[in-house]
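Let's practise reading a protein model together, one small exercise at a time. Have the structure open and try each task before you look at the solution.

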Amino acid sequence: MTRLVFHLAGAVDFSEVRYVVISLEEPSVFNSMTRPFQCTGREEPFVVLRQDVIPTDATKAAGVKLFTEVTRHPELAQYLPAALQTQPPQRYPVFVELATEAGVEALPWEALCSPSGEFLGLDERWAVGRIVDSQAIDRPLWDFKPPLRVAAVMSCLGVPAYDEWRALKNAVMSGPEVEVELLTVVSEPLLYTELSNLARDQRQSAQFPHLSVRMVPQELSELQEMVSRFGPHLLHFFCHGSTEGSPHIQLAVKSDWVSQSPANSLNIETREFKDFVGRTSDPPWLTVLNCCESAALGRSDNLHSLALGLVYQVGLPAVIGMREPIASTDASLFTGAFYKRLLTDFKARILRLPGSDEPIDWARFLVAARNSLAKKHKTMTLTQAASSTKEWTLPVVYMQRTPITFQIAPSQTRRARLEIEALQGFLAQLPPSTPLSLREDAESQLRLLVSQLEEQ
């Protein structure tokens with residue numbers, strides 16, 4: 001997969017005045033140059049975009065401003081427009097690699113738009129992602145033996161998590177070829193009871209992922225132990241997020257829901273995420289912070305967003321967060337579209353379909369979610385919504401430089417299901433003249449496989 005990566009970093013001139021420079025990192029160009037980058041975030045298109053209600057074409061104006069400033073660099077003026085000539089099914093994703101300058105992180109890179117009106121973040125050919133240098137060692141190849149383990153921690157005081165749960169459940173059920181083990185951690189008493197009953201009733205059903213349900217414990221260390229022991233491939237949070245004090249998320253416990261007060265809520269900062277992965281050398285491939293301001297800057301200039309910090313300081317491979325506060329309805333819309341697209345990709349990889357051996361591009365999966373958030377404005381065309389609304393630009397993905405590639409081994413359950421499907425197809429195609437003994441042997445083997453699958 002060919003990609004375009006441009007790098008933004010800080011520099012100091014002879015008068016010790018700080019400024020930002022931009023350079024082309026990929027494709028590699030001999031004797032590539034570094035040039036000043038002029039955007040500060042204080043320009044009118046970006047100030048306007050931070051308003052609660054934005055004027056017509058405000059998102060497009062900010063995106064075109066970014067595109068114009070990036071292509072002031074001579075090499076990027078050549079390569080970025082060339083990337084936009086890519087035709088399906090080919091892809092040429094675009095990534096901005098950020099050093100730790102807070103002002104640069106705050107720019108709405110997801111709105112990047114060509115002067116002709118092509119929003120890169122709404123097309124899988126280009127997607128848009130953010131790369132962050134990490135203290136962890138990059139691992140290009142990860143072993144994956146199904147089932148796919150997903151841990152969803154959902155407790156947003158005052159905002160029932162049922163719609164978020166339903167969006168995640170429906171996305172998982174849309175890809176039955178992908179075996180999923182789902183750990184759901186909640187605090188609402190009624191939701192806990194409902195999900196516990198569902199887990200009990202569906203435990204033997206091949207149509208539903210293996211589901212286990214837990215309550216958010218009173219102590220953060222207990223939650224960290226619970227998640228770490230489960231060892232999720234995907235770790236999802238639905239809760240409150242804030243930059244007040246320092247960037248963090250806030251999980252309500254059961255007593256908070258009873259009293260409707262966050263007196264005992266768990267506040268989780270960057271450094272405390274290390275203990276969610278402390279028991280394993282395999283951290284979650286992706287951590288999703290479906291929370292307000294989880295990709296927003298801290299209140300002081302030296303603070304990064306929580307999402308950036310989890311890659312840069314904790315060493316997580318990839319983290320998704322939200323640049324601004326997000327409505328709960330938009331959060332569940334994002335969850336449904338994002339995980340459905342992700343499971344479609346995993347299905348292709350498990351079935352070894354053509355092109356499925358490419359490295360994972362998490363930014364690509366965000367395109368479907370961004371389109372869903374833009375299309376919710378049914379009184380507008382997609383072009384109008386993309387140009388004049390900003391909800392679709394809020395999801396942000398931060399990644400380590402080296403993409404993840406999976407080496408997939410089929411599980412025992414998957415092999416049994418494939419054999420069952422093969423035998424069912426064989427029996428359906430047998431002609432009437434088939435000897436009875438052959439049909440009985442096949443039916444006996446089919447019953448044995450079904451019985452073994454139910455016992456797992």
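**Exercise 1: Two strands side by side**

Trp142 stands opposite Phe406 in S17. This is a predicted model, so treat each step as a reading of that prediction.

Task: Find how strand S6 and S17 pair, and which residues of S17 lie on its covered face.

Solution:
- Step 1. Locate the strands: S6 covers residues 141-144, and S17 covers residues 405-408.
- Step 2. Look at the pairing: S6 and S17 run in the parallel sense, joined over four bridges.
- Step 3. Sort the residues of S17 by face: Phe406 and Ile408 are on the covered face, while Thr405 and Gln407 are on the uncovered one.
- Step 4. Put this together: Phe406, the residue opposite Trp142, belongs to the covered face of S17.

**Exercise 2: A sheet of three strands**

Task: Work out the order of the strands in the open sheet, and which of them stand at the edges.

Solution:
- Step 1. Read the order, which is S11-S12-S13, with antiparallel pairing.
- Step 2. Find the edges: S11 (240-242) and S13 (266-269) each have a single partner strand, so one side of each has no neighbour in the sheet.
- Step 3. Check the twist, which averages 25 degrees from one strand to the next.
- Step 4. Zoom in on S12 (residues 248-251): its antiparallel pairing with S13 spans four bridges, and His248 stands opposite Glu269 in S13.

**Exercise 3: One helix, two crossings**

Task: Decide how helix H10 is oriented to H5 and to H11.

Solution:
- Step 1. Start with H5 (residues 162-173) and H10 (residues 328-350): their axes come within 8 Å and cross at roughly 15 degrees.
- Step 2. Angles under 35 degrees count as roughly parallel, and H5 and H10 are therefore roughly parallel to each other.
- Step 3. List the contact: H5 contributes Asp163, Glu164, Ala167, Leu168 and Ala171, and the H10 residues include Tyr339 and Leu343. By class, this contact has six nonpolar, three polar and three charged residues.
- Step 4. Turn to H11 (residues 362-375): the axes of H10 and H11 come within 8 Å and cross at roughly 140 degrees, which makes H10 oblique to H11.
- Step 5. List this contact too: among its residues are Phe334 and Phe338 of H10 and Trp362 and Phe365 of H11. It divides into eleven nonpolar, one polar and four charged residues.
- Step 6. Finish with handedness: the crossing of H5 and H10 is right-handed, and H10 passes H11 in a right-handed crossing.

Terms used:
Residues numbered from 1 in each chain as written. Predicted model: local features only at pLDDT ≥ 70, side-chain atom pairs only at ≥ 80, totals over all residues. Heavy atoms only, no water. Axes fitted to C-alpha atoms, helices over the stretch in contact; angles between N-to-C directions. Parallel < 35°, antiparallel > 145°, perpendicular 65-115°, else oblique. Left-handed = near helix turned anticlockwise from the far one by under 90°. Contact = heavy atoms within 4.5 Å. Nonpolar A, V, L, I, M, F, W, Y, C, P; charged D, E, K, R; others polar. Pairing = 2+ DSSP bridges. Buried < 20%, exposed > 50% of the residue type's maximum accessible area, 1.4 Å probe, protein only.
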